Amino acid sequence: MSSGVAARRDAKKLVRSPSGLRMVPEHRAFGSPFGLEEPQWVPDKECPRCMQCDAKFDFITRKHHCRRCGKCFCDRCCSQKVPLRRMCFVDPVRQCAECALVSHREAEFYDKQLKVLLSGATFLVTFGESEKPETMVCRLSNNQRCLILDGDSHHEIEIAHVCTVQILTEGFTPGGSTRATGMFLQYTVPGAEAATQLRLMAGEDANGSKRQAAAWLVAMHKATKLLYESRDQ
């Protein structure tokens with residue numbers, strides 16, 4: 001990919017919406033697959049009362065819209081301002097208690113797991129029915145749109161084309177403790193009738209790369225949940 005094309009894919013612009021300032025991709029097609037669209041606000045005339053506590057709106061009890069779900073609430077039920085990175089807001093935005101809890105949980109992904117995915121990890125990678133695995137570094141691209149695998153060969157898999165992700169584990173105990181050891185992934189290729197299969201396994205070594213690979217797999221598992229939520233929106 002040329003540097004010019006890469007620059008266009010990563011280009012962003014500042015836009016203002018009724019909910020606040022957002023830093024979004026210049027081209028919508030290059031947006032993060034983990035992103036969410038802004039919701040349509042419930043019209044003022046359709047919500048004379050708080051949709052949580054049923055308080056009646058008047059000159060004293062003002063109505064507020066949750067920036068994540070778009071519903072109407074009183075100030076008491078919609079007082080938290082929380083970062084909402086999946087909608088690209090620059091500043092924390094007003095959210096109802098239920099949505100704020102979800103956004104707080106997602107913040108952990110952006111603060112921790114996303115950095116792990118971008119850093120990458122080393123795996124033994126098997127494509128399709130091949131019997132010989134290849135040692136490759138797998139990482140998420142900076143624009144979050146592709147899985148990049150580098151070894152003797154180079155592959156890029158668009159996250160939007162991933163249809164199945166299964167994390168492989170070992171070490172199950174009565175207490176429920178397991179360790180991620182690999183990942184089975186299926187993705188579609190434009191023009192191909194059947195999905196392509198990919199298997200990643202953490203290698204056996206003593207230099208810490210296996211631990212890094214396990215952390216990457218856990219982060220990928222959380223990323224997959226966000227991806228499915230974005231598709232179901």
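1. Ser 130 is partly exposed, with a relative accessible area of 37%. The model is predicted, and every value in this note should be read with that in mind. Ser 130 sits in the loop between β7 and β8. Its C-alpha lies 9.8 Å from that of Leu 198, although 68 residues of sequence separate the two. Leu 198 falls within strand β13, which covers residues 196-202.

2. The hairpin that holds this loop deserves a look. β7 (residues 121-127) and β8 (residues 134-140) pair in the antiparallel sense, over five bridges. Six residues lie between the two strands. Among the hairpin's residues, Gly 128 takes a positive phi near 55°. At the level of single residues, Val 125 has Glu 134 of β8 as a bridge partner.

3. β7 has a second partner. β7 and β13 pair in the antiparallel sense, again over five bridges. Here the bridge partner of Val 125 is Leu 200. Val 125 is thus bridged to Glu 134 in β8 and to Leu 200 in β13. Strands of a sheet pair through backbone hydrogen bonds, either parallel or antiparallel.

4. These strands belong to an open sheet of seven. The order is β10-β9-β8-β7-β13-β12-β11, with antiparallel pairing. β10 (154-158) and β11 (162-170) stand at the edges; each has a single partner strand, so one side of each is left without a neighbour in the sheet. On average, neighbouring strands of this sheet are turned by 30° against each other, direction ignored.

5. At the β11 edge, the pairing is with β12 (residues 179-187). The two strands run antiparallel and share eight bridges. Within this pair, Thr 169 stands opposite Ala 180 of β12.

6. Which strands does helix α2 lie across? The helix lies across β7 and β8, and runs at about 140° to β8. α2 spans residues 97-119, 23 residues in total. From first C-alpha to last, the helix reaches 33 Å, close to the 33 Å expected at 1.5 Å a residue.

7. α2 is nevertheless kinked. The bend is about 40° and is centred on Gln 113. Gln 113 is also one of the buried residues of the helix. The buried set further includes Cys 99, Ala 100, Ser 103, Glu 106, Ala 107, Phe 109 and Tyr 110, with Leu 114 and Leu 117 towards the end of the list. Glu 106 merits a check by eye, as a buried residue of α2. Just after the helix, Gly 120 takes a positive phi of about 85°.

8. Where do positive phi values turn up in residues other than glycine? One case is Cys 88, with phi near 65°. Cys 88 lies in the loop between β5 (80-82) and β6 (93-95). Cys 88 counts as partly exposed, because its relative accessibility is 27%.

9. Gln 144 is another case: its phi is positive, about 65°, and the residue is not a glycine. Its place is the loop between β8 and β9 (146-150). Is Gln 144 buried or exposed? At 14% relative accessibility, Gln 144 counts as buried, since the cut-off for buried is under 20%.

10. Towards the N terminus there is another hairpin. β1 (residues 12-17) and β2 (residues 20-25) run antiparallel and are joined by six bridges. Two residues lie between these strands. Val 15 stands opposite Arg 22 of β2.

11. Ala 55 follows in the loop between β2 and β3 (63-65). Ala 55 counts as partly exposed, at 24% relative accessibility. Leaving aside residues up to four places away in sequence, Ala 55 touches Pro 48, Arg 49 and Cys 50. Ala 55 and Cys 74 are 19 residues apart in sequence, with 7.1 Å between their C-alpha atoms.

12. Some totals for the chain. The secondary structure comes to three helices and 13 strands. Of the 233 residues, 38% are buried. Among contacts with a separation of 6 or more, 44% join residues 24 or more positions apart. The accessible surface comes to about 13,800 Å², and 51% of this area belongs to carbon and sulfur atoms.

Key: Residues numbered from 1 in each chain as written. Predicted model: local features only at pLDDT ≥ 70, side-chain atom pairs only at ≥ 80, totals over all residues. Heavy atoms only, no water. Helix = DSSP H or I, 4+ residues; strand = E, 2+ residues; numbered from the N terminus. Buried < 20%, exposed > 50% of the residue type's maximum accessible area, 1.4 Å probe, protein only. Contact = heavy atoms within 4.5 Å. Areas by Shrake-Rupley, 256 points an atom, 1.4 Å probe, with all protein chains shown as cover. Pairing = 2+ DSSP bridges. Expected span 1.5 Å × (residues − 1). Bend = angle between axes of the 7 residues up to and from the residue. Axes fitted to C-alpha atoms, helices over the stretch in contact; angles between N-to-C directions.
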